[in-house]
Amino acid sequence: MSTAARIAFLKGHGTENDFVIVPDPDGRLDLTAAAVARICDRRAGLGADGVLRVVRAAAHPEARAMADEAEWFMDYRNGDGSVAEMCGNGVRVFARYLLHAGLAEAGDLAVATRAGIRRVHVAKTGDVTVGMGRAALPEDSADITVGERTWPSRNVNMGNPHAVAFVEDLTHAGALLDAPGVAPAAVYPEGVNVEFVADRGPRHVAMRVHERGSGETRSCGTGACAVAVATARRDGTDPALTGTPVTYTVDVLGGTLEITELPDGTVEMTGPAVIVAEGTLDPAWLAEGTA
């Protein structure tokens, strides 16, 4: 990490899933796992569930193949510094930042992620809609355990892995300070995000989530999509068979998301995205804690 200049950052959130945004258009920053963890520390750092590094797709080796379709690549890192494939709330905040910085105009745009291209519709104000791709439903599943309670789960992949467990009461998930038990763990060799889901009404559920690498977060966009798809299948609904889109309202701790699954299998997520602050990081402070 260079100490030559202070590092610009912004802070934003989507349904209170919060992120530090680091503009790095030319891909010059060596943003190590230790640096990300220090930035995300809620007492000694800026505090966030993760970091969104904004890089031109053409300047990043993982995104160059997507540069013809998307100018910008979302290099997403979890709060512990680990690399993640996708973050649904993060994509909305990323897109809102592009508008805020004058790097994109309101309307439709494409964002490159490790899970592929994500199509986004950004209004000048208000909600952002993201095309989250198609859900995969692997047949392997795992049991989820918290304390003395165990539930079966549905395996849903939204570009990243999710285990969706239906519970009577969200308090049964416990404090979620530690990752829930997942057995057999081999179902998710790279770890898994675990969602606990309770019914609130017709096509309306509430969830809590333990995100791998971050712990419990106030919201998880890919998790809300996984929950909507898993709930639709539990309810006997598959838009690919009915030819009719299905929409679920998903309450998260930080607000509400609307998730629609289309007949072609595409999942769309709509929700807020807000930029709340911007400033600069002292690179000497960052280097001091990551040496």
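**Group meeting: a walk through the model**

Let's start with helix 3. It has 14 residues and reaches 20 Å from its first C-alpha to its last, close to the 20 Å expected at 1.5 Å a residue. Before I go on, please keep in mind that this is a predicted model. Helix 3 is mostly covered, with 13 of its 14 residues buried. What follows helix 3? That would be G236, and its phi is positive, near 80°.

Okay, on to the core. In soluble globular proteins, nonpolar side chains tend to be buried together. Here, the largest nonpolar core has 51 residues. Which residues have the most contacts inside this core? They are M74, V120, M207 and I259. And helix 3 shows up again: residues 221-234 supply the largest share of this core, 8 residues. There is also a second, separate core of 17 residues, and I144, A163, V167 and F196 are included in it. Hold on to I144, since we'll meet it again in a moment.

Let me zoom in on M74. Leaving out residues up to four places away in sequence, M74 touches a whole list of residues, among them L52, M86, F94 and V111. It isn't just nonpolar names on that list either: R53, T113 and R114 are on it too.

Staying in that part of the chain, N78 lies in strand 4, which covers residues 72-78. Is N78 buried or exposed? Its relative accessible area is 5%, so N78 counts as buried. With the same kind of sequence neighbours left out, that is, up to four places away, its contacts include V36, D49, R212 and S214.

For contrast, have a look at R28. You'll find R28 in the loop between strand 2 (17-23) and helix 1 (33-40). R28 has 71% relative accessibility, and therefore counts as exposed. Where does R28 sit relative to A59? The two are 31 residues apart in sequence, and C-alpha to C-alpha they are 8.9 Å apart in space.

Now for the strands. There's an open sheet made of 3 strands, in the order 9-8-12, and the pairing is antiparallel. Which strands are at the edges? Strand 9 (149-152) and strand 12 (181-183), each pairing on one side only. On average, neighbouring strands of this sheet are turned by 25° against each other, direction ignored. Strand 8, residues 143-146, pairs with strand 9 over 4 bridges in the antiparallel sense. And here's I144 again, the one from the second core: it stands opposite W151 in strand 9.

Last stop, strand 11, which is residues 161-166. This strand is mostly covered, as 5 of its 6 residues are buried. How many bridges pair it with strand 10? There are 4, between strand 11 and strand 10 (residues 154-157), in the antiparallel sense. Within that pairing, N157 stands opposite P161. Strand 10 and strand 11 form a hairpin with 3 residues between them, and G159 in the turn has a positive phi of about 95°.

Strand 11 also pairs with strand 13, residues 193-201. These two run parallel, joined by 5 bridges. There, F166 stands opposite V197 in strand 13. So strand 11 has an antiparallel pairing with strand 10 and a parallel one with strand 13.

That's the tour. Happy to go back to any part of the model.

Note on methods
Residues numbered from 1 in each chain as written. Predicted model: local features only at pLDDT ≥ 70, side-chain atom pairs only at ≥ 80, totals over all residues. Heavy atoms only, no water. Core = buried A, V, L, I, M, F, W, Y, C linked by side-chain atoms within 4.5 Å. Buried < 20%, exposed > 50% of the residue type's maximum accessible area, 1.4 Å probe, protein only. Contact = heavy atoms within 4.5 Å. Expected span 1.5 Å × (residues − 1). Pairing = 2+ DSSP bridges. Axes fitted to C-alpha atoms, helices over the stretch in contact; angles between N-to-C directions.
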